[in-house]
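Got the viewer open? Let's take a walk through this one together, one selection at a time.

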Amino acid sequence: MYNGTIIGVVVPAYNEEGFISGVIDSLPEYVDQVFVIDDCSTDGTWTEIKEYVDTEVKQAGVTDDSAGEIVVADGAGTTISESQTFLDKRIVPVRHQTNGGRGAAIQTGYELALMSGMDAIAVLDGDGQMDPNILDEILDPVVEGKADYAKGNRLISRRHCAQMSNWRFFGNALLTILTKIASGHWKMRDPQNGYTAISATALEQLSLNDLFDDYGFLNDMLIQLDANGMTVQDVPMEAFYGDESSGIRYSSFVPKLSLLLVQGYIWRLQQKYLSRTEPE
């Protein structure tokens, strides 16, 4: 628990063998539950997750049969096992039967976090690019009631994005402009930053199953947040890149996402200004 708030962390992972166990192990003790979502990885990610959980169970001295139970969801993040025995476990390992995309993995984690009674839910990727030591800074705007949704911002200054390549910086800057227009969050930067936190109250008002399943999930999330009248706050953070490789290829991603943003912009305007029912 953090400042009187029950904290859940969603860790989406796809082919993060060699990174995922370190990410889980690095999470602060105040995190109440960790929902590790393997999006049908093709490497040893799932084996690494299971080995980590088995080790944790043995160290805790748990002997009941349900201690290591795995919750399985489909690739769309919509079919959750009916078993509820995972609700009292700190590490909840989940494997998608088919690959659904980063957004689908986060949706599954969000659904489980809501089912588990979390008050605030953060997302921290399984590739080791997000510093767990600043998780409290990401959470603070939500926990303190200053925003419904908080996210990292690596574009606050050139110093913060020193490790970012010029091509990646250009892609992020361009998508920032397009997402500002589409989402209406004019003070927001770095929309591709997946280090986020949201209140359970805000999350319950969103249509999770309608959100984009792949890397455009973050942009679509911002659009839906504005359509529901919710606030967003950026948290300055430095960019960090280690040995892991990014799944985003900006040469194909930017055109594809641009179309999504145009569609999202039209939808948001309809929701905010044309779909309101007049009071009787």
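Start by selecting residues 7 to 13, which make up strand 1. This strand is mostly covered, with 7 of its 7 residues buried. Keep in mind as you look around that the model is a predicted one.

Now show the side chains of strand 1. Which residues point one way, and which the other? I7, V9, V11 and A13 head off in one direction, while G8, V10 and P12 take the other, and all of them are buried.

Next, look at what strand 1 pairs with. Add residues 120 to 123, which are strand 5. Strands 1 and 5 run parallel and are joined by 4 bridges. To find one pairing, click on V9: its bridge partner in strand 5 is A122.

Then add residues 33 to 38, strand 2. This pairing with strand 1 is parallel too, over 6 bridges. Here, G8 stands opposite Q33. To see how the chain gets across, follow it from strand 1 through helix 1 to strand 2; this β-α-β crossover is right-handed. You'll find helix 1 at residues 20 to 26.

Back to strand 1 for a closer look at I7. What does I7 touch, once its neighbours within four places in sequence are left aside? Its contacts are Y2, Y30, V31, D32, Q33, M118, A120, L139 and V143.

I7 is also a good way into the largest nonpolar core, a group of 33 residues. Select I7, V9, L135, L139 and Y195 together: these have the most contacts inside that core. In soluble globular proteins, nonpolar side chains tend to be buried together.

Which elements feed this core? Strand 1, helix 1, strand 2, helix 2 (45-60), strand 5 and helix 4 (135-143) each supply at least two residues. Helix 4 gives the most, with 5 residues. Apart from this core lies another, of 28 residues; V10, V92, A105 and A113 are among them.

Finally, zoom out to the whole protein chain. Colour it by secondary structure and you should be able to pick out 8 helices and 8 strands. Of its 280 residues, 53% count as buried. If you switch on a surface, the chain exposes about 13000 Å², and carbon and sulfur atoms supply 50% of that. One last thing to try is drawing contacts: among those between residues at least 6 apart in sequence, 78% join residues at least 24 apart.

Conventions. Residues numbered from 1 in each chain as written. Predicted model: local features only at pLDDT ≥ 70, side-chain atom pairs only at ≥ 80, totals over all residues. Heavy atoms only, no water. Buried < 20%, exposed > 50% of the residue type's maximum accessible area, 1.4 Å probe, protein only. Contact = heavy atoms within 4.5 Å. Areas by Shrake-Rupley, 256 points an atom, 1.4 Å probe, with all protein chains shown as cover. Core = buried A, V, L, I, M, F, W, Y, C linked by side-chain atoms within 4.5 Å. Pairing = 2+ DSSP bridges. Right-handed = clockwise from strand over helix to strand, strands pointing away.
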